[in-house]
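Trainee: I have a chain open in the viewer. Please show me how to read one helix and its surroundings.

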Amino acid sequence: MRVFLRYFVYLLLSPALVQGQGHVLDKPVTELCLTCICEAISGCNATAICTSTEKGACGIFRITWGYWVDAGKLTVNGEHPDSEKAFINCANDPHCAADLVQNYMKKFNQDCNDDGEMDCHDYARIHKLGAYGCQADMPYNFQSVFEECIEKYEDEGFQ
């Protein structure tokens, strides 16, 4: 797991050609938070890609078409956002998908659990439950994997 985590963080931090409206400059979500959202939503399974928007959610962050639109229609390698595969290509690309998550959180940043601060727990809720449903109960499996991930990496000093 630790080797995978380092590879995943490398992918997120490595330069990529991601373009779109509202390209991410200020990133509110930490690498640890992105990693744990990824673990909880898909197990960071990079083979779980989709080839059409009909499957609903794509890539390691399980991005939907609506989420992609709300996050600024980012694209990979200069692809036009209106091209037929723009959504699929970005959602299936770990770096582009992580930038989508960053943009989405900047746009819909809110205190979902009413603890007085906006943090990774709020971002996980926004990502899983949506910007307008983030105060609802979290699905047990998602919450369990997310919390275990956060605890594990915080104990190891990873941020």
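**Reading helix α6**

Mentor: Start with what is buried, meaning under 20% relative accessible area, with exposed over 50% and partly exposed in between (1.4 Å probe, protein chains only). In α6 the buried residues are Cys-120, Asp-122, Tyr-123, Ala-124, Arg-125, Ile-126 and His-127. This is a predicted model: local features need pLDDT of at least 70, side-chain atom pairs count only at pLDDT 80 or more, and totals for chains, interfaces and linings use all residues. Numbering runs from 1 along each chain as its sequence is written, and side-chain values use heavy atoms, leaving out hydrogens and water.

Trainee: Why is α6 described as largely enclosed?

Mentor: Helices are DSSP runs (H or I, at least four residues), as are strands (E, at least two), numbered from the N terminus. Seven of the 10 residues of α6 are buried, so the rest of the structure largely encloses this helix.

Trainee: Which helices do the buried residues of α6 pack against?

Mentor: Use contacts, that is, heavy atoms within 4.5 Å. The partners are α2 (31-42), α3 (65-70), α5 (94-108) and α7 (140-155).

Trainee: What lies at the two ends of α6?

Mentor: Look for a polar contact: N or O atoms within 3.5 Å, where within protein one can donate a hydrogen and the other accept it, and residues adjacent in sequence count only if both atoms are side-chain atoms. Asp-119 caps the N-terminal end, with a side-chain oxygen 3.1 Å from the backbone nitrogen of His-121. After the helix comes Gly-130, with a positive phi near 90°.

Trainee: Asp-122 is buried; which side chain of opposite charge is nearest?

Mentor: Check for a salt bridge first: a side-chain nitrogen of Lys or Arg within 4 Å of a carboxyl oxygen of Asp or Glu. Lys and Arg count as positive, Asp and Glu as negative; His and the chain ends are not counted. Asp-122 has no salt bridge, and the nearest candidate, Arg-125, is 5.6 Å away.

Trainee: What does the side chain of Asp-122 reach?

Mentor: The backbone nitrogen of Cys-112, at 2.8 Å. Beyond four places in sequence, Asp-122 touches Gln-110, Asp-111, Cys-112, Asn-113, Asp-115 and Glu-117.

Trainee: How many helices and strands are in the chain?

Mentor: Seven helices and two strands. Along the sequence the pattern reads α-β-α-α-β-α-α-α-α. Of the chain's 159 residues, 45% count as buried.
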